[in-house]
Amino acid sequence: MNAGCSACDMLRQRLCALQKSVARLGCPRSSRPGLHRLPRRNSPAVCSQRRDFAAATRPLLAASHVYSQVVSSETHEQSPRDTNGASHPAIVGAPKLTFQEAITALEQYWAEQSGANCAILLPHNTEVGAGTMNPATFLRVNGPEPWNVCYPEPSVRPDDSRYGKNPNRVQRHTQFQVIMKPDPGNPQELYLGSLEALGIDTQAHDIRFVEDNWEAPVLGAWGLGWEVWCDGQEITQFTYFQQAGGLPLPHPAIEITYGLERILMALQEAQRMLDKRLPVPAYDHLLKLSHTFNLLDARGAVGMTERAECFATMRHLARQVTGLWMARREELGHPLGTIAPPAEPEPITIHPEASTSGRTADSADFVLEVGSEELPPDDVTTAVSQLRDRVPALLDRLRLGHGEIQIEATPRRLALLISQLAVHQRGAENKLRGPPAKVAYSPEGAPSKALLGFCKKNGVQADSVFTEADSKGTEYVWAVVKQPGRATAEVLAEELPLLIASLDFKRSMRWRGSTAFSRPLRWLLALHGSTTLPLTYAGISASNTTRLLRNSSSPLRQVAHANEYRGVLQQQNIVLSIEGRKQLIWEAVETTAGIVGGELSQAAAQELLDEVTNLVEAPTVVLGGFDPDFLSLPKEVLVMVMRKHQRYFPLYKPASQDLLPFFITVANGPIAVPTVKVSLPSALPFDPL
């Protein structure tokens with residue numbers, strides 16, 4: 001302990017010296033107070049400053065090395081931690097970066113990315129439970145001003161230290177936060193690029209976006225998104241903000257929170273600052289109030305009734321703070337500008353000569369693909385069920401002849417396939433009732449104004465109508481209106497956006513504009529034969545291009561004809577059929593279990609199989625294992641961790657309920673199996689074999 005104290009004293013002294021040195025260097029700042037942008041790399045002045053800065057930071061590097069030794073000895077030499085503070089070995093195959101190198105790499109990456117160009121912000125100077133609570137996130141996600149920043153944030157969570165001997169909980173850790181407002185259109189691709197910047201090979205590792213929605217009752221904030229897994233380990237939280245301070249966000253911001261590490265730290269007033277119309281100080285005190293509550297709650301000092309009252313009080317204060325922030329920004333005229341509305345896609349027109357291109361005289365195969373970011377497994381099932389109910393009724397209402405209808409889906413695509421869909425609607429005749437016969441004509445038999453108005457409205461001539469009594473014997477004027485069939489492409493271009501918009505999910509989100517869906521939509525493919533439909537939805541124009549696996553060498557692929565769609569996906573081992581994917585996974589899992597003489601619990605595995613089927617679209621089964629010594633733990637604990645948290649299939653001894661030290665997981669797409677296999681057990685509280 002004395003060694004730790006002396007090391008900390010040494011660190012403080014060297015940090016003071018560093019601060020004085022950096023102050024003399026005059027680091028370049030942006031015109032916005034508190035925001036630092038990366039200078040141009042090759043500027044001579046900057047190169048000179050870099051040399052001076054490197055000399056000044058050597059004491060910090062030495063001090064941080066001493067400090068990291070102290071922290072390691074006190075935490076049993078724990079390795080890097082996920083966003084929830086769980087301990088994991090380093091990702092296999094990734095370079096061993098220092099803490100400083102990881103932060104620097106992320107700052108440089110996000111500052112230089114087109115579409116992000118993040119300003120680099122410093123951490124907030126009061127206790128926060130997460131990077132989300134920094135006013136650069138919580139306040140700035142509100143309002144119409146664009147905002148792109150990144151920053152490291154020490155996060156203090158008293159509840160995480162309630163089990164003093166648990167090495168995974170040391171009360172404080174550091175997150176790296178990225179905020180992008182508005183949605184740049186490709187945030188997942190940008191994020192995957194940041195992993196590459198950290199040295200993680202996204203083609204070798206199993207990178208997955210697994211549903212994990214976020215809510216902060218204290219702040220009246222929530223969002224939808226995923227936890228990002230790398231070989232089963234949670235490494236990032238990826239969220240589309242939907243509400244903050246009780247206010248719906250007109251321009252949902254994207255929040256990416258990297259889990260970097262935990263360390264150590266430690267306090268309360270908000271209404272007075274609100275009265276003074278000072279939103280940031282008021283928010284600081286709200287954070288201190290939240291931290292104090294967490295301290296009391298972690299020690300069991302808050303009863304159930306008081307807990308609800310505390311949440312209500314803090315939520316009310318959060319709403320007042322965000323309301324004040326919005327008002328103050330409006331008073332300033334939104335000095336950062338305002339986000340422009342999404343650009344309307346250019347309309348697609350079909351020339352008459354192309355209306356039957358690639359089709360027979362009467363019909364052609366049709367495909368609609370709605371491409372999205374990863375849908376939650378339950379939402380995949382929900383969307384397919386709704387489409388299977390609604391599409392046949394829609395085609396009947398539109399008077400479109402067709403063959404077999406198939407609705408299939410993967411986590412990234414909903415697909416509607418119709419064989420031999422008619423090129424034109426069937427014509428229709430509608431018998432329309434006009435005014436009563438006694439008022440339809442004058443005494444001389446001339447058409448009255450009532451009859452002429454009826455004829456004009458329905459496009460018929462007065463001499464083509466006839467009189468007929470209704471069921472009650474009253475005579476009316478009637479007209480038969482012929483409705484010619486329109487081109488299928490025109491009709492579906494109007495109706496399919498309404499069909500997509502009608503899909504209902506347990507929780508929907510917005511990402512840019514007012515469109516709501518389970519997760520952001522990124523592309524539309526709509527082909528009738530070889531003709532692209534003039535379809536637009538959510539600011540996206542339909543095309544003949546689909547998207548394959550993200551780690552594919554050519555992730556975009558054109559589809560020449562609707563009947564080639566399945567084949568294009570199959571070339572990348574993407575299994576479109578839900579039942580086909582489920583059967584493929586189950587057969588591979590059973591075969592793999594037999595390699596180690598294991599069996600699966602049929603009832604339990606079936607429930608997990610339904611979920612896993614809709615977590616991947618190109619299944620790759622991997623066998624993993626853990627140290628047999630851990631079989632001494634209660635079986636229920638091992639099974640819960642494997643099935644519920646990691647979606648692993650536990651393996652049992654034949655004709656027994658005894659566990660084997662093996663499990664099976666299903667990765668998505670081609671991966672480096674040996675690399676992933678080594679990493680898999682690290683997501684469990686077990687040592688890898």
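These are my notebook entries on a predicted model, written as I looked things up.

**Entry 1: the largest cavity**

I started with the holes inside the protein. The largest cavity has a volume of about 60 Å³. Which residues line the largest cavity? I wrote down Leu368, Val370, Leu387, Leu414, Ala415, Leu416, Leu499, Ile500 and Leu503. I then checked which elements give two or more residues to this lining, and they are β11 (363-372), β13 (413-422) and α12 (488-502). β13 gives the most, with 3 residues. Next I sorted the lining by residue type. I got 9 nonpolar residues, no polar ones and no charged ones.

**Entry 2: the second largest cavity**

The second largest cavity comes out at about 50 Å³. Its lining holds Gly185, Asn186, Gln188, Glu189, Ser372, Glu373, Arg412, Arg522, Trp523, Arg547 and Arg550. How do the residues of this lining divide into nonpolar, polar and charged? I found 1 nonpolar, 4 polar and 6 charged. Two elements, α5 (187-197) and β19 (521-528), each supply at least two residues here.

**Entry 3: helix α5 and the loop before it**

Since α5 had turned up in that lining, I stayed with it. Its buried residues are Pro187, Gln188, Leu190, Tyr191, Leu192, Ser194 and Leu195. So Gln188 is on two of my lists: it is buried in α5, and it lines the second largest cavity, where buried means under 20% relative accessible area. After α5 comes Gly199, and its phi is positive, near 90°.

Then I went back to the loop between β4 and α5, where Pro182 lies. Lys181 and Pro182 are joined by a cis peptide bond, with omega at about 5°. I made a note of that one because most peptide bonds are trans.

**Entry 4: Gln175 in β4**

While I was at β4 (residues 172-181), I picked out Gln175, which sits in that strand. Is Gln175 buried or exposed? Gln175 has 3% relative accessibility, so it counts as buried. What does its side chain reach? A polar atom of the Gln175 side chain lies 2.8 Å from the backbone nitrogen of Gly131.

**Entry 5: helix α3**

I tried a ruler check on α3 (residues 99-112). At 1.5 Å a residue, its 14 residues should span 20 Å, and the end C-alpha atoms are 20 Å apart, so the two agree. I also listed the buried residues of α3: Ala102, Ile103, Leu106, Glu107, Tyr109, Trp110 and Ala111.

**Entry 6: cysteines**

How many disulfides does the structure hold? The count is 0. I wanted to see why for one cysteine, so I took Cys118 and looked for the closest cysteine sulfur. That sulfur is in Cys150, 5.0 Å away, which is too far for a bond, because a disulfide needs the two sulfur atoms within 2.5 Å. Cys118 counts as buried at 1% relative accessibility. Cys230 is buried too, with a relative accessible area of 0%.

**Entry 7: positive phi away from glycine**

Most residues other than glycine have a negative phi, so I looked for exceptions. Asn117 has a positive phi, near 45°. It is found in the loop between α3 and β2 (119-121), and at 39% relative accessibility it counts as partly exposed.

Ala538 is another exception, with a positive phi of about 55°. Ala538 has its place in the loop between β21 (536-537) and β22 (540-541). Its relative accessible area is 24%, so Ala538 is partly exposed.

**Entry 8: pairs apart along the chain**

For my last look, I checked two pairs of C-alpha atoms. Tyr283 is in helix α7 (residues 279-298) and is buried, with a relative accessible area of 0%. What separates the C-alpha atoms of Tyr283 and Val321? They are 38 residues apart along the chain, and the distance is 6.4 Å.

Phe466 lies in strand β15 (residues 466-469). At 29% relative accessibility, Phe466 counts as partly exposed. Its C-alpha atom is 5.6 Å from that of Val477, and the two residues are 11 apart along the chain.

Definitions and conventions: Residues numbered from 1 in each chain as written. Predicted model: local features only at pLDDT ≥ 70, side-chain atom pairs only at ≥ 80, totals over all residues. Heavy atoms only, no water. 1 Å grid on protein atoms, 1.4 Å probe; cavity = no way out; pocket = protein on both sides within 12 Å on 5 of 7 lines; lining within 4 Å. Points joined across faces, edges and corners; volume = space filled by probe spheres on them. Helix = DSSP H or I, 4+ residues; strand = E, 2+ residues; numbered from the N terminus. Nonpolar A, V, L, I, M, F, W, Y, C, P; charged D, E, K, R; others polar. Expected span 1.5 Å × (residues − 1). Buried < 20%, exposed > 50% of the residue type's maximum accessible area, 1.4 Å probe, protein only. Polar contact = N/O pair within 3.5 Å; in protein donor to acceptor, adjacent residues only side chain to side chain.
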